[in-house]
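Colleague: I've just opened this one and I'd like to understand the ring contacts. Can you walk me through the reasoning behind the labels?

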Amino acid sequence: MKIERFAPALFFFGLFLIVFWPVLTGGVFLNTGVVYSDLWLFNYPFKDWYRGMLLSGQLPFWTNLIGNGYPVFAELQVGALYPLHLLLFRLFPTAFAFNLNIYLH
């Protein structure tokens, strides 16, 4: 296989790394430009809690931290059984795993 065949993909991957290097290395957190958004008020805190549950060896079935209780396992935005979430949020700090998850998709 010739390396020239992969040149466009390598170029765009390199460009991606240059542009998003501060975010990927943890110096900056992904900012949507909207401070009061679902990203900051709902998704990130849920992912942080999800990470804590994974590190304690539990799956997040239910939380009593929202209202009178909330079925986290049935809530699709957390993605409790998504293989990439299980890997990223168990191995990396929440902010890095959150950013990496967004950029990989």
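Modeller: Sure, here are the aromatic pairs and how their labels come about; keep in mind that this is a predicted model.

Colleague: How many aromatic pairs does the structure hold?

Modeller: There are 8 aromatic pairs. Take Phe 46 and Tyr 70, whose ring centres are 5.7 Å apart, with 35° between the planes.

Colleague: What makes Phe 46 and Tyr 70 a pair, and why is it called tilted?

Modeller: Centres within 6.5 Å count as a pair, and 5.7 Å fits that. Stacked needs planes under 30 degrees apart and edge-to-face needs over 60, so 35° comes out as tilted.

Colleague: Where do the two rings sit in the chain?

Modeller: Phe 46 is in helix H2, while Tyr 70 is in the loop between H2 and helix H3, 24 residues apart. Ring pairs also bring in Trp 49, giving a cluster of Phe 46, Trp 49 and Tyr 70.

Colleague: Is Phe 46 buried or exposed, and how do you know?

Modeller: Buried means under 20% relative accessible area, and Phe 46 has 6%, so Phe 46 is buried. Tyr 70 has 23%, which lies between 20% and 50%, so Tyr 70 is partly exposed.

Colleague: What about Phe 61 and Phe 73?

Modeller: That pair is tilted too, at 4.6 Å centre to centre and 45° between the planes. Both residues lie in the loop between H2 and H3, so the pair ties together parts 12 residues apart in sequence.

Colleague: Why is Phe 61 called partly exposed?

Modeller: Exposed means over 50%, and Phe 61 has 49%, so Phe 61 stays partly exposed.

Definitions and conventions. Residues are numbered from 1 along each chain as its sequence is written. This is a predicted model: local features need pLDDT of at least 70, side-chain atom pairs count only at pLDDT 80 or more; totals for chains, interfaces and linings use all residues. Side-chain values use heavy atoms; hydrogens and water are left out. Rings of Phe, Tyr and Trp (its six-membered ring) pair if their centres lie within 6.5 Å; planes under 30 degrees apart count as stacked, over 60 as edge-to-face and the rest as tilted. Helices (H or I, at least four residues) and strands (E, at least two) are DSSP runs, numbered from the N terminus. Buried means under 20% relative accessible area, exposed over 50%, partly exposed in between (1.4 Å probe, protein chains only).
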